[in-house]
Amino acid sequence: LRRTGIGAAEEIVLTALPLGLVLMLVSLNTNLPRYAIEHLLGSAELGVFAGVVSFITIGSTMANALGQSATARLARHFHQRQFADFRRITWQMAGFMVALGLAGIVAAELIGCFVLRWLYRPEFSAYQPLLVAAMGAGTLSYVAIALGYSVTSARIFRAQMPLFAVSAAGCGVASWLLVPRMGLYGAVLAVALAALLQIAGQCWILLRALRRAEATQ
């Protein structure tokens, strides 16, 4: 019984460790542009960036809620080799995230000035174009979140570590190269690049896993 308990504990640790490292890299992705802004532009610009980009978290919360609600079904479909249903739910989630992001972009374009002025200060209304750009980067982030839940539901854990390491590296390099040249827009582009790298890697991981699983049917 003790051996069984130890074996189960080791299995849980080995399963959870990659996910813990992935979450660490996700946090690093989020903060790297902020580090670059604070170092290169100062704390005042960092405050502006943090305030504007905080609107992305509205969609991120919805994306995570949808992903968590779909995880059980995705895992069941993949385990039972119902790959058509797995693909359908994955693409439906990704499509919803695109629609959510586009709605955010439209809202930022139409009422961004008013919202920024009302929530912060009148001078923040000048950053409405930055808000629109941030919501565009947020759209990519929402899709990456949805695909991440599909990858995790397929019990693909270790492959996510190098993917998020590459994403973090790309975000860091882009931040330090673009922020001096483009200011806060460079930081937004770095966020978008990190999300694009995640999406590309997640699509490759999912396609590879599905092809392998279908080949063994």
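**Figure 1. Packing of helices α3 and α5 in the predicted model.** Helix α3 packs against helix α5 at an angle of about 20 degrees. The two axes lie 9 Å apart. Angles under 35 degrees count as roughly parallel, so α3 and α5 are roughly parallel to each other. The crossing of α3 past α5 is right-handed.

**Figure 2. Residues at the contact of α3 with α5.** On the α3 side, the contact is made by I56, G59, S60, A63, N64, G67, Q68, T71, L74 and A75. They meet A134, M135, G138, Y142, I145, Y149, S150 and S153 of α5. By class, this contact has 9 nonpolar and 9 polar residues. No charged residue takes part in the contact of α3 with α5.

**Figure 3. The second largest pocket and its lining.** This pocket has a volume of about 230 Å³. Its lining is made up of 15 residues. Those nearest the centre of the pocket are F55, I58, G104, A107 and M135. Three elements give two or more residues to the lining: α3 (56-79), α4 (83-119) and α5 (128-153). Helix α4 supplies the largest share, 8 residues. By class, the lining has 12 nonpolar and 3 polar residues. Charged residues are absent from the lining of the second largest pocket.

**Figure 4. Packing of helices α4 and α7.** The angle between α4 and α7 is about 165 degrees, and their axes are 11 Å apart. Angles over 145 degrees count as roughly antiparallel, so α4 and α7 are roughly antiparallel to each other. Their crossing is left-handed. From α4, the contact takes in F83, F86, R87 and T90. From α7, the partners are L206, L210, A213 and E214. The contact of α4 with α7 has 5 nonpolar residues, 1 polar residue and 2 charged residues.

**Figure 5. Packing of helices α2 and α7.** Helix α2 covers residues 43-53, and helix α7 covers residues 184-215. They pack at an angle of about 45 degrees, with axes 10 Å apart. That angle makes α2 oblique to α7. Helix α2 passes α7 in a right-handed crossing.

**Figure 6. Residues at the contact of α2 with α7.** E45, V48 and F49 are the α2 residues in this contact. Across from them, α7 presents L184, A187 and V188. The contact of α2 with α7 has 5 nonpolar residues and 1 charged residue. Polar residues are absent from the contact of α2 with α7.

How values were computed
Residues numbered from 1 in each chain as written. Predicted model: local features only at pLDDT ≥ 70, side-chain atom pairs only at ≥ 80, totals over all residues. Heavy atoms only, no water. Axes fitted to C-alpha atoms, helices over the stretch in contact; angles between N-to-C directions. Helix = DSSP H or I, 4+ residues; strand = E, 2+ residues; numbered from the N terminus. Parallel < 35°, antiparallel > 145°, perpendicular 65-115°, else oblique. Left-handed = near helix turned anticlockwise from the far one by under 90°. Contact = heavy atoms within 4.5 Å. Nonpolar A, V, L, I, M, F, W, Y, C, P; charged D, E, K, R; others polar. 1 Å grid on protein atoms, 1.4 Å probe; cavity = no way out; pocket = protein on both sides within 12 Å on 5 of 7 lines; lining within 4 Å. Points joined across faces, edges and corners; volume = space filled by probe spheres on them.
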